[in-house]
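Open the model in your viewer and keep the sequence panel beside it. We will go from stop to stop, with a selection to make at each one.

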Amino acid sequence: MLTDEKIMAQVVSGDIHKTAMLFERYHVKLYNYYCHSLMDESLSKDLTQNVFEKIIKYRNSYREENCFSAWMFRIANNVMYDHFRKEKSIRKRNEGHYMSTDQFVNPNEKLEKEEQKKLLHQAISQLAPDQREIIWLSRFEKMKYVQIAEMMNSTESAVKVKVHRAMKKLKELYLKLEAT
């Protein structure tokens with residue numbers, strides 16, 4: 001199996017059709033990243049598509065020694081910021097719909113888990129955009145701190161501090177919501 005970096009090297013060399021392999025590997029992750037950041041499914045689809053257009057357009061800026069996913073998420077951030085800069089719009093916050101994958105759970109436990117997910121979602125939506133982003137990348141995308149640092153043009157230790165602070169704030173918000 002080809003690594004992302006090898007596939008991207010082929011794209012850089014002119015085999016643009018190899019981008020389809022990267023799309024298959026990453027479009028769902030990008031879509032979920034945008035959905036959790038923006039809470040807008042339609043916009044998330046559009047921005048996901050834009051990322052792959054930018055990957056093709058800026059393929060010559062990619063360096064094989066870099067981590068592809070970090071480079072791609074850097075593009076994803078730029079696409080999102082460009083969108084809001086151009087549109088000058090305010091993000092709309094919607095309550096997400098959570099579906100449990102636990103089919104054989106006690107109904108009371110299922111309700112409790114759904115309520116916890118709802119509270120967590122509400123707490124995450126109250127975080128600053130940069131805190132939501134760093135939590136999403138580190139916890140949900142399971143990116144390593146070094147990859148996030150590369151993506152954000154930061155240091156690994158700075159990313160660790162940001163994650164720690166974001167998690168601390170998330171905990172405060174969650175407990176506050178839980179108490180109400």
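Start by selecting C67, which is buried, with a relative accessible area of 16%; here buried means under 20% relative accessible area, exposed over 50% and partly exposed in between, with a 1.4 Å probe and protein chains only. Add C35 to the selection: C35 is also buried, at a relative accessible area of 14%. How many disulfides does the rule give? The count comes to zero disulfides, a disulfide being a pair of cysteine sulfur atoms within 2.5 Å.

Before the next stop, a word on what you are looking at. This is a predicted model, in which local features need pLDDT of at least 70 and side-chain atom pairs count only at pLDDT 80 or more, while totals for chains, interfaces and linings use all residues. Residues are numbered from 1 along each chain as its sequence is written, and side-chain values use heavy atoms, with hydrogens and water left out.

**The whole chain**

Now zoom out and colour by secondary structure. You should find eight helices and zero strands in the protein chain, giving the pattern α-α-α-α-α-α-α-α along the sequence. Helices (H or I, at least four residues) and strands (E, at least two) are DSSP runs, numbered from the N terminus. Of the 180 residues in the protein chain, 34% are buried. Among contacts with a separation of 6 or more, 63% join residues 24 or more positions apart; contact means heavy atoms within 4.5 Å. Switch on a surface, too: the accessible surface of the protein chain comes to about 11,300 Å², and 52% of that belongs to carbon and sulfur atoms. Such areas come from the Shrake-Rupley method with a 1.4 Å probe, and for residues only the protein chains shown count as cover.

**S44 and its partners**

Select S44, in helix 3 (residues 41–57). Buried or exposed? S44 counts as buried, at 0% relative accessibility. Show the side chains around S44: apart from neighbours within four places in sequence, S44 is in contact with Y31, Y34 and C35. That brings back C35, the buried cysteine from the opening stop.

**Two positive phi values**

Most residues other than glycine have a negative phi. Keep that in mind as you select M39, in the loop between helix 2 and helix 3. M39 has a positive phi, near 60°, and is buried with a relative accessible area of 11%. Then jump to N153, in the loop between helix 7 (145–151) and helix 8. The phi of N153 is positive as well, near 55°, but N153 counts as exposed, at 67% relative accessibility.

**E133 in helix 6**

Next, select E133, which sits in helix 6. E133 counts as buried, at 5% relative accessibility. Which residues are in contact with E133, leaving aside its neighbours within four places in sequence? They are Y33, N77, Y81, M151 and M152. Try a distance label between E133 and N77: C-alpha to C-alpha they are 9.2 Å apart in space, with their positions 56 residues apart in sequence.

**The largest cavity**

E133 also leads to the next selection: H36, S37, I124, R132, E133, I135, W136 and F140, which line the largest cavity. Helix 2 (19–38) and helix 6 are the elements that give two or more residues to this lining, and helix 6 gives the most, with five residues. The lining divides into four nonpolar, two polar and two charged residues. Ala, Val, Leu, Ile, Met, Phe, Trp, Tyr, Cys and Pro count as nonpolar, Asp, Glu, Lys and Arg as charged, and the others, Gly among them, as polar. About 60 Å³ of space lies in this cavity, and a search of the whole structure finds two cavities of 30 Å³ or more.

On a 1 Å grid over the protein atoms alone, a cavity is a set of points where a 1.4 Å probe fits but cannot get out, and a pocket is an open set with protein on both sides within 12 Å along at least five of seven lines; lining residues have an atom within 4 Å of a point. Grid points are joined across faces, edges and corners, and a volume is the space filled by probe spheres set on the points.

**The second largest pocket**

For the last stop, select D130, Q131, E133, I134, M152, K162 and R165, which line the second largest pocket. About 160 Å³ of space lies there. Helix 6 (129–140) and helix 8 (156–179) each supply at least two residues of the lining, with the largest share, four residues, coming from helix 6. By type, the lining residues are two nonpolar, one polar and four charged.
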